[in-house]
Structures are given as C-alpha cells and as structure tokens.
Amino acid sequence: MGNDKGGIQSGQSQARGAVRCKPIDRRQLMLRSVDVERLVEEDHPVRAIWELVGQVDLEPFYEGIGAVEGEAGRPVWDPQLLVSLWIYAYSQGVSSAREISGLCEYHPAYQWLTGLEVVNHHTLSDFRVEHREALDLLFSEVLGVLSHQGLVTLKRVMQDGTKVKASASDKSFRRKATLEKHLALARQQVAQMGDPRSEELSQRVVKARQRALREKRERLEEALRELERMEVSRSKSSEKKEVRASTSDPQARVMLQAKGAYGPGYNVQVSTDAGAKIIVGVGVSQSANDAAELEPGVERVEENLGQEPEQMVVDAGYTNQDSIEAMARREIDLIGALPERKKASWDPLKRRGVRVEFYPEAFRYEVSTDRYTCPAGKELVYETREQHAGWWHYRYRARASDCRACAFQDRCCPGTKKGRSLVRREQTATLVAFQAKMETQEAKEIYKQRAGVAEFPHAWIKEKIGLRQFRLRGLVKVTMEAVWACLTYNICQWIRLCWKPQRLAQASI
Ligand code: SF4
C-alpha cells in the first residue's frame, strides 16, 4: 500500500500514517488586490438599480447639500449612492441602517456600490427620512421611466389596503389621565435637568439622558394632542369608550391586523396598475377601514402621473355612496362590490312591542306628497334623512297627538311619546346604475382579477421586503418608509420585466 488513504482502508494490519491537511493561519495579515468592477456579475440587480437611479433626476436630493466652490470642507456621500444603497438593501429585505453599514464592510454588492467604502449608519438613517418631497418626486420619476417603457397605462388601476404594525406595543397605550400624570412627571424631570458640566457622569452620558427625557416629554405631549383629535373624530357608537394613545408612537391607531388580532398599526393604501402590476400610488392612513380611502388614492395617482386612471377596481370595503358618487363625478369607471347588508339577528319592531299588522307594509306611501298614511288613516310626514352603507334612510313620523288619541297605539307604537315613525330606504340614480353595471358579466370578470393584482404588491412588500412592521414612528415617517418599499418594489418589477430581458437579448447577439 503506497499512500495514506490506502493505509487507512487496510489499516487493521498496518500502522496508520499521519494525514497531511493544509494548515490554516489566521494570524497572518494579507494584502489582496480587488477588482471592484468584478465583485458582482454583469447581470446583478445592483447594477440595474445603479443604472436606473442614475437615469432619473435626483436634483431635489442635492438641494440641501451646502457646498461652496473653492472652499475646504468634507465631501458628502452622493445621493445617487445613498438612494441606490437603500433600494438595494430593501430589495434584499434589509431595512436597518446599521445593518446596511455593516454589509458595506464585506458584502460584494454593497462594496461594488460604495467602491469598498463604508457608509456610516447615522448618514443612512438620516438620509432615509430627511428628503420627503425629493422621495415623492423620485417615486414619480421612476414611474415616468416605467410608463415610458410601457409598464404603466392607467387603463385599469386596483386599490387595496393592508395593515402594517406600528413600532409600538399594545401596552404603550394610555388613557388621558395616565398620560397627563406621566407628562407632568416628565416636565418636572426636564426642568430639574442641570448643567451637564456639574454632573459627575461624563458629558456624553448626561446629554444622552437629557435628550431621552426631552423626547419622552415630546412624545407624551404628542400623545395628548392625538387623544384630543381622536375625541373629536370618534363615532357616536364609540362615545362611551375612553380613547387611548400610544406613548411610543402617538399617531398609531389600534386596528384589526393579520390573523384577526388587534394591535397598533397603520393602514397602507396601494394603487396598482393592472397591466404590469406596477404601484402607481401609495399612501398611509390612520383609518381602521378603507371606506374613505378611494378618492385620496385616485388623487395620489394623478399627482404621480399627471392623469387619473380610466377605471378603478376595489373591494367592498371601498364601495359606498360617497365613493361611488365621487368616481361618477370624476368620470372614472368604478368596478367594485357593494357590502352585503347584515341581517339583524333580532327584530327591532317586535322588541318594541309593534304587532305584525302594524309593520311598515301596512303603511301606504304616496310619491306625489312624499307622505305615508297609517292604518288609522293618519299621515306620517318626512322628518330626517341619513346615509347607511350606500342607502338613504328617509324617516317619516306621525303626529304625537294622533297616536295618543288612536285606539291602535298599544299595538302600533306602544310607549312612544313622539308618534309612530318608519323609514323608507332609497338608492340614488348613480348607485342604481352602479349596481346594474356590476350585474353584467364583463364587470364580474374584471372584478375577479382584483385579488390577483391588488394583493400581489402587499404580499411582495411583506414577504420580500419584510415590511410587516414599521421601523419608524409617526405618520410622516411611516409614509416615507412605505414609499421606499413601494419604490423598491417598482424597481424590482422593472428589473424583472425590462432590464433582465434586455441584458439577455444583448448577451445573445
Ligand atoms: S298609532 Fe299613530 S301611526 Fe299607528 S295607527 Fe294609530 S295614528 Fe296611525
């Protein structure tokens, strides 16, 4: 047996020779040459991101940079690099500035972008939230490029909302009295803050503590302001409930989230062009439902692309009298489902002691006079009008004196001092036309496509980009975070649908 391996295989009878492995020396220092250009392959998505970001107008990002020609000063990071870094990071599911900074040290794609430099996480973090208008313009600019390449037509846009968790816990919600108590304490602590030079601790530690106290006081003040807003806007049905605001993110609202759980979050509204599933509008709302979100969604699309969609497709959460009328005024073809009327599990008339022979069917309505006549021959005149889920509710009432003197009162309106009332339900002409349209096969076929288009970006943003919970706090910042995610989504679609096929075509020539 002439080698070690053979010696091992038949080692029962022979002495085993030493196995020679290559030594690993981790104490050595090495200098290596790196060809930065070759760190990533030719069709790597990071090249596509850099290329696209380089095509659009980034001037609004440069406007805030103060530089004087001919004077000394530290150069700043190019906004093209910072935008590209954030978009590439989001596309890889990375949304932490600290993590991106770490990746710049060793990850080839990040190294290619930065040319082997490392960008500080403070710089990245500040950049993400400091350019609100510039980010909105960048979103529009990219849509312009996608539109030019035929990926956006606005012929059919589908809108849907999804709840994203806020950076706050359930336990951070406090009632007004508790918030006021905490605020008083925080103000007292801020007032007692002394000169950092007089403290025994290091100035850095003292200043950090002072900043933390100030921020806590500001958040508590904001939470109280939000409580006042909530008290003004809360519905009659919830008037008895005491409102609460979060001390971590006062602008977050408790809403129904995935898997039927309630928690602090925001309602992210996304409008998607049905053709190539490109996001043409993104907004964030504090509303727990989508009832009032359709018209703002259309306005965002118009702001981004300079024109309204020809057709909007939405689910039953959006379709109500107001949104149907609003789309009709704008001459936008609305395709959607009307919410099903829930049948009451109890009979309110029976509960009030009204006998079946005095149910509304026993009252005669006269269109010319807009009045009802009751079984006793008395008139019920129009009193009020209210809107409920796409229907007008017109209330009519009999004179109290007629009912008091009526022999049927104990069967028609027992215990009522104001006189018998009843409600006539009526749909507007626009609603009738909308319902007739939704009965057609064509509208039903279009509506069937809704879930596949409208819910696709939400799934992508949550699964690939990882936006299940916001890192930032406050409506303005979470909106920016949502725009960064949607911008990344659009660029990923552009890479998939345009950039990669073009590269493949070039390579095959
Ligand atoms: S109680 Fe009033 S509404 Fe009812 S039948 Fe008599 S008059 Fe008419």
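Trainee: Helices H18 and H19 pack at an angle of about 105 degrees, their axes being 10 Å apart, in what is a predicted model. Why is H18 called roughly perpendicular to H19?

Mentor: Angles of 65 to 115 degrees count as roughly perpendicular. The angle between H18 and H19 is about 105 degrees, and H18 is therefore roughly perpendicular to H19.

Trainee: Which residues of H18 and H19 meet?

Mentor: From H18 come Phe456, Pro457, Trp460 and Ile461, and they meet Ala485, Cys486, Tyr489, Cys492 and Gln493 of H19. By class, this contact has eight nonpolar residues, one polar residue and no charged residues.

Trainee: H19 also packs against helix H7 (residues 121-130). How do you know that H7 and H19 are roughly perpendicular to each other?

Mentor: The reasoning is of the kind used above. H7 and H19 (residues 475-508) pack at an angle of about 100 degrees, with axes 9 Å apart. The class runs from 65 to 115 degrees, so H7 and H19 are roughly perpendicular to each other.

Trainee: What residues make up the contact of H7 with H19, by name and by class?

Mentor: In H7, Phe127, Arg128, Val129 and Glu130 meet Lys477, Met480 and Trp484 in H19. The residues of this contact divide into four nonpolar, no polar and three charged.

Trainee: I return to H18 (residues 450-463), where His458 has its place. Why is His458 called buried?

Mentor: Buried requires a relative accessible area under 20%. His458 has 8%, and it is therefore buried. Leaving aside neighbours within four places in sequence, His458 is in contact with Asp160, Gly161, Thr162, Val268 and Val270.

Trainee: What makes Leu154 count as buried?

Mentor: The relative accessibility of Leu154 is 3%, and the limit for buried is under 20%. Leu154 therefore counts as buried. Leu154 is found in the loop between helix H8 (132-148) and strand S1.

Trainee: How do you know that Glu331 is exposed?

Mentor: Exposed means over 50% relative accessible area. Glu331 has 72%, so it is exposed. Its place is in the loop between H12 and S8.

Trainee: What is notable about the phi of Leu154 and that of Glu331?

Mentor: Most residues other than glycine have a negative phi. Leu154 is not a glycine, yet it has a positive phi of about 60 degrees. Glu331, also a residue other than glycine, has a positive phi near 60 degrees.

Trainee: What makes strand S7 (residues 311-314) and strand S8 (residues 333-336) a pair?

Mentor: Two strands pair if there are at least two bridges between them. S7 and S8 have four bridges, in the parallel sense. Among the bridge partners, Val314 is matched with Gly336 in S8, and Val313 with Ile335 in S8.

Trainee: How does the chain cross from S7 to S8?

Mentor: The chain crosses from S7 to S8 through helix H12 (residues 321-329), and this β-α-β crossover is right-handed.

Trainee: How do you know that S1 (residues 157-165) and S7 pair?

Mentor: S1 and S7 have two bridges, in the parallel sense. At least two are required, so S1 and S7 meet the criterion for a pair. The bridge partner of Met158 in S7 is Val313.

Trainee: Why are both faces of S7 called covered?

Mentor: Gln311 and Val313 lie on one side of S7, Met312 and Val314 on the other, and all of them are buried.

Trainee: There is also an open sheet of five strands, in the order S9-S10-S11-S12-S13 and with antiparallel pairing. What makes S9 (364-366) and S13 (421-426) edge strands?

Mentor: S9 and S13 each pair on one side only. The twist of this sheet averages 35 degrees from one strand to the next.

Trainee: What bridges support the pairing of S9 with strand S10 (residues 371-373)?

Mentor: S9 and S10 pair over three bridges in the antiparallel sense, where at least two are needed. Arg364 has Thr373 as its bridge partner in S10.

Notes:
Residues numbered from 1 in each chain as written. Predicted model: local features only at pLDDT ≥ 70, side-chain atom pairs only at ≥ 80, totals over all residues. Heavy atoms only, no water. Right-handed = clockwise from strand over helix to strand, strands pointing away. Axes fitted to C-alpha atoms, helices over the stretch in contact; angles between N-to-C directions. Parallel < 35°, antiparallel > 145°, perpendicular 65-115°, else oblique. Contact = heavy atoms within 4.5 Å. Nonpolar A, V, L, I, M, F, W, Y, C, P; charged D, E, K, R; others polar. Buried < 20%, exposed > 50% of the residue type's maximum accessible area, 1.4 Å probe, protein only.
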